[in-house]
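Grab a coffee and work through the exercises below with the model open next to you. Try each task before you read its solution.

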Amino acid sequence: MFAPSSPVFDANATQGGKDLGKLPDWDLSDLYAAPDAPEIDTDLDWLKGECAAFAADYEGKLDTLDAEAMLTCIQRDEKLTNIAGRIMSYAGLRYYQQTTDGNRAKFMSDMQDKITTYTTPLVFFTLELNRLPDDHLEALLTANADLARYRPIFERIRAMKPYQLSDEMEKFMHDMGVVGDAWEKLFDETVAGLMFEVNGEEMGLEATTTLLTDPDRDVREAAAREIARVLGENIRTFARVHNTQAKEKEVMDRWRGMPTAQTGRHLSNQVEPEVVEALRNAVVAAYPRLSHRYYELKRKWLELDRMQVWDRNAPLPIEPARTVNWDQAQDMVMSAYAGFDPRMAEIAEPFFSKGWIDAGVKPGKAPGAFAHPTVTTVHPYVMLNYLGKPRDVMTLAHELGHGVHQVLAAEQGELLSSTPLTLAETASVFGEMLTFRKLLDEAKTKSERKTLLAGKVEDMINTVVRQIAFYDFECKLHAARREGELTTDDINALWMSVQAESLGPAFDFMEGYETFWAYIPHFIHSPFYVYAYAFGDGLVNALYAAYQEAPEGFQDKYFDMLRAGGSMHHKELLAPFGLDASDPTFWDKGLSMIEGFIDELEAMED
């Protein structure tokens, strides 16, 4: 039975008449039965009362607590995080099902406002923790093993100590957070409301960008030009959102004394700036060996004098037009997961059978795909916009990998389950790799193998090269915004500077492509998030190489890594595999796998 909040759309009606089978919808009732469910009011009342009680019990007193009392304090904070997270997970997931529904938007906004208000008294907690002397906190952790389990949380909180403001300022910034959220919602609603007309058919952004992979070059061009036209008509809104968000970040960073715009992201990712810089530099240095070389190959395959932006994700001429229905996609991914380890398939199975996936493309639904962990006492939910493309199968494998990771990490509890972004992509990219390798092993012809290899190389280029180019764009954007307001032309120029460098000399860029930065959600929702994709891809390439070299016992080590959630640093997590991301040569190992695939494709030309 599906939740009353599920939209009543025929998912297949918006997919060009393709019969993809019965696509699943979310059953959100494991969170709450409905937006007016009495349990929501009960939880809100509890949250309001417990936040006030927590402040009354602990504010100004953290330095008087012994180890056992500190453990109780942390466990109460964990319960608060769980209940607030449950409410916002329900409100957010329901909103993303239909972002154009005013009632859903209002419900989410109202929940956010209440939770922000209720939790304001808790701002003292991290501030006071950071005022505890190091030796005092160390003595508490040494005295109680259960409390010591939370050491990573204390370390994460204390990493922000140099950038902490006064208690009054921190409360003010906490309350002002809802203003930044409003700009994010404006972005989401604007993107979800965009309509495009291609060859007489009206569609949303997701379906239109999918046409950029159409076998018909005229269709791809029409889609690209229509995206450029519609983005161009709305570009002032997008520029205003980006300017405001970047300025807000600059103000926050300046008040906190953060040395760079990226510092906050690196801290939350628990990754050293030099590790990210090494990744970025390795990828940029590899552009000629990766994207430039591959797209020159592709230009020849497509028999073009010059590549246009609408050719970047074009299918190969030898690639048969193929629609993969939902049951086939499920079988492909589940068999790949089971082939690695039956436990992986067992964890993934409920996503399909219990309403944990929302797969269909529907009016007003948010574009893209994600896996949301919700809270550790419930389970994750996966969102897709499934259109039956082979790449959609890889997206399913990717998001399901996140889901498996989130299920396993939930054992750590609310505060320790959350994995930093740099490691959050590990299981998802690994799930993709397993699916790809299974399909490659089963390829029956040279052309089928070539198609699979080319598709994987393109996905890796999109994950590594494209995301590092995105990261460079953000670095340039935030640096430029610190010097003053940016016009749309300013932002367009920054975008084009990284696109030409990363894609290479095979490409021409149509008029209008300079606005394609406008619809990328990560720039608004999670500044500098994007390097995590490249981090994850490089890490997984190295992990998979370790699996091939020494498969014995690998699965158990892999599951232990996923179960650890956010309880360990990347150095500790990778040590059992003999890997170290802080080693400058680490990233070259990952990039060499992509090079190897391109080498094989080039050899097929002979």
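Buried means under 20% relative accessible area, exposed means over 50%, and partly exposed is in between, with a 1.4 Å probe and protein chains only. One thing to know up front: this is a predicted model, where local features need pLDDT of at least 70, side-chain atom pairs count only at pLDDT 80 or more, and totals for chains, interfaces and linings use all residues. Residues are numbered from 1 along each chain as its sequence is written, and side-chain values use heavy atoms, with hydrogens and water left out.

**Exercise 1. Proline 363**

Task: work out whether proline 363 is buried, partly exposed or exposed.

Solution:
- Start with the location: proline 363 is in the loop between strand S4 (357-358) and strand S5 (370-372). Helices (H or I, at least four residues) and strands (E, at least two) are DSSP runs, numbered from the N terminus.
- Now the accessibility: proline 363 comes out at 42%, so it counts as partly exposed.
- Finally, check a distant partner: glycine 193 is 170 residues away from proline 363 in sequence, yet their C-alpha atoms are 9.1 Å apart in space.

**Exercise 2. The whole protein**

Task: describe the overall build of the protein, from its helices and strands to its surface.

Solution:
- Count the elements: the protein has 27 helices and seven strands.
- Compare sizes: the radius of gyration is 24 Å, close to the 25 Å that the globule rule gives for 606 residues, so the protein is as compact as a globular protein of that length. Here the radius is taken over C-alpha atoms, and the rule is 2.2 Å times the number of residues to the power 0.38.
- Add the dimensions: the C-alpha trace spans about 75 × 55 × 55 Å along its principal axes.
- Look inside: 58% of the 606 residues count as buried.
- Check the contacts (heavy atoms within 4.5 Å). Of those with a separation of 6 or more, 78% are between residues 24 or more positions apart.
- Finish outside: about 24400 Å² is exposed, and carbon and sulfur atoms supply 52% of it. Such areas come from the Shrake-Rupley method with a 1.4 Å probe; for residues, only the protein chains shown count as cover.

**Exercise 3. Salt bridges**

Task: find where the partners of three salt bridges sit, namely those of lysine 106, aspartate 311 and glutamate 296.

Solution:
- Set the rule: a salt bridge is a side-chain nitrogen of Lys or Arg within 4 Å of a carboxyl oxygen of Asp or Glu. By this rule there are 37 of them.
- Take lysine 106: its partner is aspartate 110, with the closest N and O atoms 2.8 Å apart. Both lie in helix H3 (residues 102-119), four residues apart, about one turn of the helix.
- Take glutamate 296: it pairs with arginine 299, with 2.6 Å between the closest N and O atoms. These two are in helix H14 (residues 288-301), three residues apart. Glutamate 296 is partly exposed at 29%, whereas arginine 299 is buried at 18%.
- Recall the helix geometry: an α-helix has 3.6 residues a turn, so residues three or four places apart point the same way.
- Take aspartate 311: it meets arginine 217 at 2.7 Å, N to O. This pair links distant parts of the chain, 94 residues apart: aspartate 311 is in the loop between strand S3 (307-308) and helix H15 (326-340), and arginine 217 is in helix H10 (residues 217-233). Aspartate 311 is buried at 0%, while arginine 217 is partly exposed at 30%.

**Exercise 4. Valine 393**

Task: which residues does valine 393 touch?

Solution:
- Place the residue: valine 393 belongs to helix H17 (residues 390-409).
- Check the cover: its relative accessible area is 3%, so valine 393 is buried.
- List the neighbours: leaving out residues up to four places away in sequence, valine 393 touches Val324, Ala329, Met332, Val333 and Tyr386.
- Zoom in on valine 324: it is 69 residues from valine 393 in sequence, and 7.8 Å from it in space, C-alpha to C-alpha.

**Exercise 5. Phenylalanine 528**

Task: what is the phi of phenylalanine 528, and where is this residue?

Solution:
- Know the background: most residues other than glycine have a negative phi.
- Read the angle: phi of phenylalanine 528 is near 70°, a positive value.
- Locate the residue: phenylalanine 528 is in the loop between helix H23 (522-525) and helix H24 (531-549).
- Check the exposure: phenylalanine 528 is buried, at 0% relative accessible area.
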